[in-house]
Amino acid sequence: MNKRHSIVSVVISLQVLTCLAGLSTALASGSSYSRFGVGDLVRFGSSRLDAMGGTGIALLGDGFINRLNPAGLAGITHTRISGGFEYSSFFSRDNHGSDRYSRGTFKGLAFAIPVDKAYGITLLLETSPYSNVNYALQQRDTIVTQDFYGTGGLSLLSFGGSVTPVNKLSLGFKLNYLFGRIQQFGRFDFVDPTFLDSDISRSDFHSGFNLTAGAIYEGTGDLLSAPSLSPLALGFVISTPAKLSVNRESILTTTESFDTTATSSGKVDIPLALGFGVSYLFDSRYYLTADVYLQNWESAKFFGSHPAEIRNSTRVGVGFESLPQRETEAFWRRVAYRAGFYYNSTYYRINNKPVDEWFVTGGVGVPIGPDARIDIGLHVGFRGTTADNLQRDTIVRLTLSLSASEAWFMKLEDE
Amino acid sequence: MRLIETNMRLAIALCLFAVTLGYIGCSEDPNPVGAGLLPGADLLKIDTVSTLAVRSYSQPAIPAASTTRLLVGKVDDIESWGVLSFLVLPDSIRYMNILSAEVILRSEYHYGDSLAPFSLTAHKVLRAWGTDSLTIDSLKAAGFYEPNPMSSLTLPSVGDTASISIPIDTTVIRSWGTISDTTFQNFGLLLQPTNSGVVKGFAMFEASDASHRPNLLMRFLRTESGKIDTVTVNIGISRYGARIGNTSWSSDSTHIYVRNGVSYRGMLEFDVSSLPPHAAIHKAVLELTLDRSQSGFNAYTVDSTLAVFVSDEGVVVSTIIGLSEPAEVGDGVRVHRFPVGQFVQRWVRATTQRRIAIAGYAEQDALDLFVFHGAAAPQALRPKLTIVYSLIQ
C-alpha cells in the first residue's frame with residue numbers, strides 16, 4: 001500500500017464518517033446545559049490531543065495537525081489530512097429522575113500543506129465544530145405539557161498558517177469564520193382538548209470572524225543555559241473576540257396560522273480566549289503536557305445583554321503520551337499510548353450556581369499505513385451536580401480520528 | 001505490508017463500529033430530566049383577557065343551498081313558499097296515456113299551531129332556477145310562475161308524519177319533457193301557501209329515508225291490456241324562500257336575532273387590541289345570554305347555534321365555525337358558549353375586522369328564533385369574549 005492509496009482511503013473513510021455522523025446528529029439528543037449560551041463548547045485539537053487531557057498548546061511536531069495552536073503546524077513535513085468522529089453518551093440525572101442518550105458527531109476536517117520546511121511554513125484549511133446544541137426537555141403539569149428542543153450549533157471554517165522566523169520559535173495564525181444555526185423549539189400541548197396547541201420555533205443564524213494566533217517556543221533550555229530544559233516547549237494561543245451577527249426568526253404555529261412573530265438581527269459576542277501550555281519530552285519517547293485555557297465570557301453580550309447563565313470559563317488539563325517506536329515490527333510497540341485529565345470550570349452558571357466538569361482521558365494511536373494513523377480517544381467524566389435543581393451528567397466520549405499524509409508541493413529532494 | 005492491510009481493515013471496522021455506536025441509544029423524545037434548568041422565560045405563561053362586544057346587529061341572510069326540508073305555510077308574520085322539480089322523467093312517458101298525476105309529500109315538521117288548517121296552491125314554474133340563491137322575492141316575482149294554479153289543496157290539519165297529495169295537471173307534466181330532451185323545460189312546480197296558522201316542513205330529496213322523499217306519481221293506461229299502471233319519480237331538487245314581516249331587528253342593538261329558515265343572523269364585533277402582538281391564542285370562548293322571553297322554540301328545536309367566522313370582506317366563512325354548548329347558569333339564565341379560538345387566532349394574525357356571525361344550527365331546516373342580548377344590553381348580559389393566550393417568543 002503506497003502513500004497515495006493510504007490518503008485516498010482515509011479521505012473516503014472520512015467522507016463516510018461525515019455523512020453518517022450528520023445523519024446521526026439529526027436524531028440525537030444531548031445535555032440540557034446546551035440550552036444556554038451558544039451551547040456546549042467543543043474544544044478539539046485532534047484525537048491525539050483529546051486523549052491527552054485535551055492538552056497540546058505547546059506541542060509541535062510532525063504526524064498530526066495541531067488544531068489548538070496554529071503554531072504547532074510548523075513541524076509538519078508532509079501534506080496531511082485528518083478528520084474525526086465522536087460518539088458521546090450522556091447519563092443525566094436530576095432530583096426527579098434520570099435518562100440516557102447518545103449521539104454521533106462529526107469532529108471536523110483539517111488539511112495542512114507544508115510549503116517550506118526550513119521556515120516551518122505550513123498552510124491550513126480547517127473546519128471544526130465550535131459549539132453544539134442538542135437537548136430535549138419536557139415540563140409537564142396538569143394543564144399543559146411543554147416540550148423544548150434545541151439543535152444546531154456553531155462551526156469554524158479556518159484558514160491559516162505557520163512560520164518559524166527564528167530558530168525554535170514557531171508562530172501561527174488562523175482566520176476563523178464562525179457560523180451556524182441554532183434552532184430552538186417549544187411545543188405546548190394542552191391537556192384540555194378545548195385548548196389550541198401551539199408550537200414556537202426560533203432560528204438564529206450566526207456569522208462572524210475572529211483571529212487565532214499562537215506561538216511555541218522550544219529554546220528555553222538554551223535561553224537559560226539549562227540542558228535539562230531543552231525538551232521543554234512553551235506554548236501560547238490567543239483568539240480575538242468576535243462579534244457574531246445573528247439573524248433571528250421566530251415562527252409561531254397554531255392550528256390556524258403560521259406566524260412569523262419576530263425577525264430581528266443582533267449581536268452575540270464570542271469573547272477573548274487565552275491559552276498557555278507546556279510540553280516536556282522525556283527520553284525522546286514520553287511527552288508530558290499541561291494547558292490552561294481561559295475565556296472571558298463575563299464580558300459577552302447576547303443581543304445587548306449579558307445572560308445570567310454565562311460566566312468566565314477556565315480549563316486546566318494535563319496529559320501524557322508514550323510515543324510509538326518506529327523501528328520495531330511489533331504491532332503494540334508501534335502504537336502510541338495516551339492518558340490525561342482535565343478540569344473545566346465551564347461557562348455555564350445555571351440557577352446562579354457554577355457548572356463544572358472533570359474528565360479522565362485515554363487513548364491510543366494505531367498505525368494503519370506508512371504515515372497514516374487512526375487515533376482513538378476516550379473521555380469519561382462528570383459535569384454539574386444534582387443540587388440546586390441542577391443536573392449531573394456522566395459523559396463518555398469516544399473520538400476517532402483518521403490522519404494520513406502525502407508529499408505535495410515539496411521539492412524532490414525534500415520528499 | 002500484510003500488517004498494514006490488516007490494520008486498514010481494522011480502521012474500517014472501527015469506523016463502522018463508531019457509526020453504529022452513534023445510532024445505538026439515540027433518543028429524541030423530550031424528558032423531564034433537567035427541566036429544572038429551564039429559565040422561567042422559556043415556560044408558558046398563560047394569561048386571560050375578557051372583552052365585551054363593541055357592536056351587535058342582526059341582518060337577513062340567504063340560507064345554505066342544501067336543505068332536507070321544504071317549508072311551506074304561513075304563521076304570524078312568517079311566510080314560506082316552496083319550489084321543487086322532479087328530474088329524470090323517463091322517455092317512456094312520451095308514449096303513455098297519463099290519466100292523472102300527483103305529488104306526494106311527507107310531513108315531518110311544523111312551526112306554529114300543529115292543529116291549524118293547512119292549504120296551498122300549486123303552480124307551474126316558468127323560469128329556470130337554482131338552489132343556491134333563490135329567495136322568496138325571486139319566487140314571487142312576476143313571470144316566475146303561472147298565476148293560475150294547476151291545483152289547490154285544503155286540509156283541516158296535517159300531522160307531522162302524514163303525507164299530502166297535490167294533484168298535478170298532466171299537461172304540465174307533458175310540458176316538462178323527458179330526460180332525453182335537449183331543451184330543458186322542466187322548471188317544476190311552486191307551492192304557494194294559502195293558510196295562516198302553521199308552516200309545515202316536508203321531507204325533500206336529500207332525506208336519508210328514501211320512503212320519505214317526494215314522489216311524483218303518474219297513473220297511465222296500458223293500451224295493450226287496458227289496465228292502469230303507475231310510474232313514480234323521486235329524484236329532484238327543491239328550495240324554499242321564507243320571509244318575516246317588517247321588523248326592527250336590524251336596528252336593535254340591545255338584542256341579536258337569530259331566526260332560522262327566514263333567515264336572520266346576528267353579527268358581533270369585538271375589539272381585541274388589548275391582546276399583545278403575536279400572542280398565541282390557546283382558547284377563546286364567546287358567551288351569549290339568551291333572552292327566553294323573546295325567543296321562539298318548539299319540540300323540533302335543536303338548541304344549538306353556530307358562531308361563524310366573517311372575513312374582512314364580510315364573507316361568512318361556513319368552514320370556520322364554533323358550535324354552541326348551551327348551559328343554565330342560574331336563575332333561569334341560559335348561556336350559549338361558543339369555542340372561537342380559531343377566530344381569534346386569525347384576528348390577531350391576518351384580519352382587520354373582528355366579526356362573528358351567529359346562525360342557527362341547520363338554519364335551513366327550521367324556523368326557530370334565538371334572541372340573545374346584544375352589545376347595548378346591560379353589561380352583565382352583553383356578549384362576552386374570554387381569551388386565553390400566552391406570549392411565547
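Which residue forms a salt bridge with K243(A)? I looked it up: the partner is D269(A), and the closest N and O atoms are 2.9 Å apart. I call it a salt bridge when a side-chain nitrogen of Lys or Arg is within 4 Å of a carboxyl oxygen of Asp or Glu.

**Ground rules**

I am working on a predicted model, where local features need pLDDT of at least 70 and side-chain atom pairs count only at pLDDT 80 or more, while totals for chains, interfaces and linings use all residues. Residues are numbered from 1 along each chain as its sequence is written, chains are lettered from A and ligands numbered from 1 in the order in which they are written, and side-chain values use heavy atoms, with hydrogens and water left out.

**Entry: salt bridges**

Back to the opening pair. K243(A) sits in strand β11 (residues 242–253) of chain A and D269(A) in strand β12 (residues 258–270), 26 residues apart. For helices and strands I take DSSP runs, numbered from the N terminus: H or I of at least four residues for a helix, E of at least two for a strand. D269(A) is buried, at 12% relative accessible area; buried means under 20%, exposed over 50%, and partly exposed in between, with a 1.4 Å probe and protein chains only.

Side chains of opposite charge can pair when their charged atoms come close. Over all chains I get 36 salt bridges.

Next I went to E321(A). R48(A) forms a salt bridge with E321(A), with 2.5 Å between the closest N and O atoms. That pair links distant parts of the chain, from helix α2 (residues 47–51) to strand β15 (residues 313–322) of chain A, 273 residues apart. R48(A) and E321(A) are both buried.

R338(A) also forms a salt bridge with E321(A), at 2.7 Å between the closest N and O atoms. Here R338(A) lies in strand β16 of chain A, and 17 residues separate the two along the chain. R338(A) is buried too. I noted the wider network of salt bridges as R48(A), E321(A), R338(A), R373(A) and D375(A).

**Entry: enclosed space**

Rolling a probe the size of a water molecule over the atoms shows where empty space is left. My rule, on a 1 Å grid over the protein atoms alone: a cavity is a set of points where a 1.4 Å probe fits but cannot get out, a pocket is an open set with protein on both sides within 12 Å along at least five of seven lines, and lining residues have an atom within 4 Å of a point. Grid points are joined across faces, edges and corners, and a volume is the space filled by probe spheres set on the points.

I count three cavities of 30 Å³ or more. The largest cavity holds about 840 Å³. It is lined by 43 residues, and L41(A), V42(A), R43(A), F44(A) and Y130(A) are the closest to its centre. Strand β16 (residues 336–350) of chain A gives the most to this lining, with five residues.

The second largest cavity has about 80 Å³. Of its 14 lining residues, S46(A), S82(A), D375(A), S401(A) and S403(A) lie nearest the centre. β2(A) supplies the largest share of that lining, three residues.

**Entry: the largest pocket**

What is the volume of the largest pocket? I get about 770 Å³. It has 33 lining residues, and nearest its centre are R35(A), Q184(A), R202(A), R248(A) and D42(B). β5 (131–140), β8 (169–190) and β9 (198–217) of chain A each give at least two residues to the lining.

**Entry: chain B**

Helix α4 (residues 341–349) of chain B has seven of its nine residues buried, so it is largely enclosed by the rest of the structure. Among the buried ones are F343(B), W347(B) and R349(B).

N186(B) is in the loop between α3 (170–176) and β9 (189–193) of chain B. N186(B) is buried, at 5% relative accessibility. Contact means heavy atoms within 4.5 Å. Leaving aside neighbours within four places in sequence, N186(B) is in contact with S85(B), F86(B), L87(B), L89(B) and W176(B).

I also checked G261(B), in the loop between β14 (255–259) and β15 (264–269) of chain B. G261(B) counts as buried, at 0% relative accessibility. The C-alpha atoms of G261(B) and T67(B) are 10.0 Å apart, with their places 194 residues apart along the chain.
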